Amino acid sequence: MQNDLKNKIMLLTALGRLLLIVIILEVSLGGGGRLFDTGPLSPRIVLFGLGLAYTAAALLYREIPREFVYMTGLFVAVSSISVLVPVLQNQSAIEALRDFKPHAYFLMLPFFAITIRNMVDVVLVGRLLKYSALILAVLYLGVMAYWKLGGMTAMQMFEWLNPSHTAEAEFLFRGDTTFFFKALLYVGVGVFFWVAEKNRGWRGVVLMLLLAMALTMTRGMWLAVFMVLASWAFFSVAERLKGMLLAAGLLLAGVMGVVLINQILPSVVQSNTIRLSDLYAIGNAVTTGNAVTTGNAVTMIFGHGFGTELFGRKMIEITYVNVFVKQGLIGIIFWFLPAVYLACQMRLIRDAALRSLAMPYLTAAAFVYVVSLTNPFLTNPIGMAVVLIAMVVVRVVRFSSGSKVLTEPAPHTPAG
């Protein structure tokens, strides 16, 4: 009887690890989840369903940490309110559910908590994220080189990567200058894991990742990477003066990159205008109290609900404004709870080696929060997965003795 139970648990563990690998590779390499036209059921939706099914089966043999159970329950409660509010106002329930759909990926938190349980799993996840970033950078640089060296015309590139000619496509072009692939967020994530390496050649890999990011000419992502790296250097370097100088240099690199992109890319003018208009409209709404973002105190607290249009659009790029309008103050508070949890868990990790091991996950999650100031990543599976994984990993590292971290070289700070 005991052997039978042991065999079932071993099989469940093996299946869970395989599913974990596939899910992380899909979300880190698959962009928005529609890289291939597979009809209504995308690979991400199928894997999401398998993840939930696995979680339900694994609950018979394993427990989920209490804080993740509470956080998942809180997510369900907050999201239910955001779906119910527009329904009570006779708005489309279908539109509300469609708007909720990307948020639902938060329900994968229990899956990650069940499948990432020890330091072996932590090392595995770190490697998946590192090499996904490297693969993406190499492929992106290869395609860009082929394009710019005359292998294809701009029109041929556009027809190849965006045949449907839609703004929701996985590949977004910036005129005939460059293009952006949504999965390239993980190139930025990979920077923090490779910076923490002491392997030979890590500097070359980091430069390659940064070059790929630079060529996308995505200002928010570029600046976010350097802001987080600067913060990491400032708080991690033992010598205060050295840390301040390194942080200042990193910030300067980020700002100069943004200035250069502004000069090169004509489309930034339109992008700036849209974001400034959104911010102006939000500020005007808050001060006058007569626009979509405000209303009575109940609306300020709970928002207008999923499916609400913002200035004629289903969604705006500034994540936190989008959340405030649709989910109110409770939505803002909820989406910052993972960041608070990560910070608290890091403070409880006393061992320097374990803190160094957890730091890339913390900084990767911080990167998602910062880049979400200009792009909708935090409430989307692409960025949300990074935050959920970081929450689980940091907890595992906190409760680990570190005895199983022998297969991975010791990490170091950005100044190492």
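**Exercise 1.** How do the residues lining the second largest cavity divide into nonpolar, polar and charged?

*Solution.* The model is a predicted one.
Step 1. Start with the cavities: the count comes to 2 of 30 Å³ or more. The second largest has a volume of about 30 Å³.
Step 2. List its lining: L129, Y186, Y361, V386, I389 and A390.
Step 3. Sort these residues by class. Leu, Tyr, Val, Ile and Ala count as nonpolar, so the lining divides into 6 nonpolar, no polar and no charged residues.

**Exercise 2.** Find which helix gives the most residues to the lining of the second largest cavity.

*Solution.* Step 1. Take the lining again, which includes V386, I389 and A390.
Step 2. Compare with the helix limits: helix α16 covers residues 381-398 and gives the most, with 3 residues.

**Exercise 3.** Describe how helix α9 and helix α10 pack, and which residues meet.

*Solution.* Step 1. Locate the helices: α9 spans residues 202-216 and α10 spans residues 219-236.
Step 2. Give the geometry: the angle is about 145°, and the axes lie 8 Å apart.
Step 3. Name the residues in contact. From α9 come L210, M213 and A214, which meet M221, W222, V225 and F226 of α10.
Step 4. Classify them: this contact has 7 nonpolar residues, no polar and no charged ones.

**Exercise 4.** Summarise the protein as a whole: helices and strands, burial, contacts and surface.

*Solution.* Step 1. The protein has 16 helices and 2 strands.
Step 2. Of its 416 residues, 48% are buried.
Step 3. Among contacts with a separation of 6 or more, 74% join residues 24 or more positions apart.
Step 4. The accessible surface is about 19,800 Å², and carbon and sulfur atoms account for 68% of this surface.

Terms used:
Residues numbered from 1 in each chain as written. Predicted model: local features only at pLDDT ≥ 70, side-chain atom pairs only at ≥ 80, totals over all residues. Heavy atoms only, no water. 1 Å grid on protein atoms, 1.4 Å probe; cavity = no way out; pocket = protein on both sides within 12 Å on 5 of 7 lines; lining within 4 Å. Points joined across faces, edges and corners; volume = space filled by probe spheres on them. Helix = DSSP H or I, 4+ residues; strand = E, 2+ residues; numbered from the N terminus. Axes fitted to C-alpha atoms, helices over the stretch in contact; angles between N-to-C directions. Contact = heavy atoms within 4.5 Å. Buried < 20%, exposed > 50% of the residue type's maximum accessible area, 1.4 Å probe, protein only. Areas by Shrake-Rupley, 256 points an atom, 1.4 Å probe, with all protein chains shown as cover.
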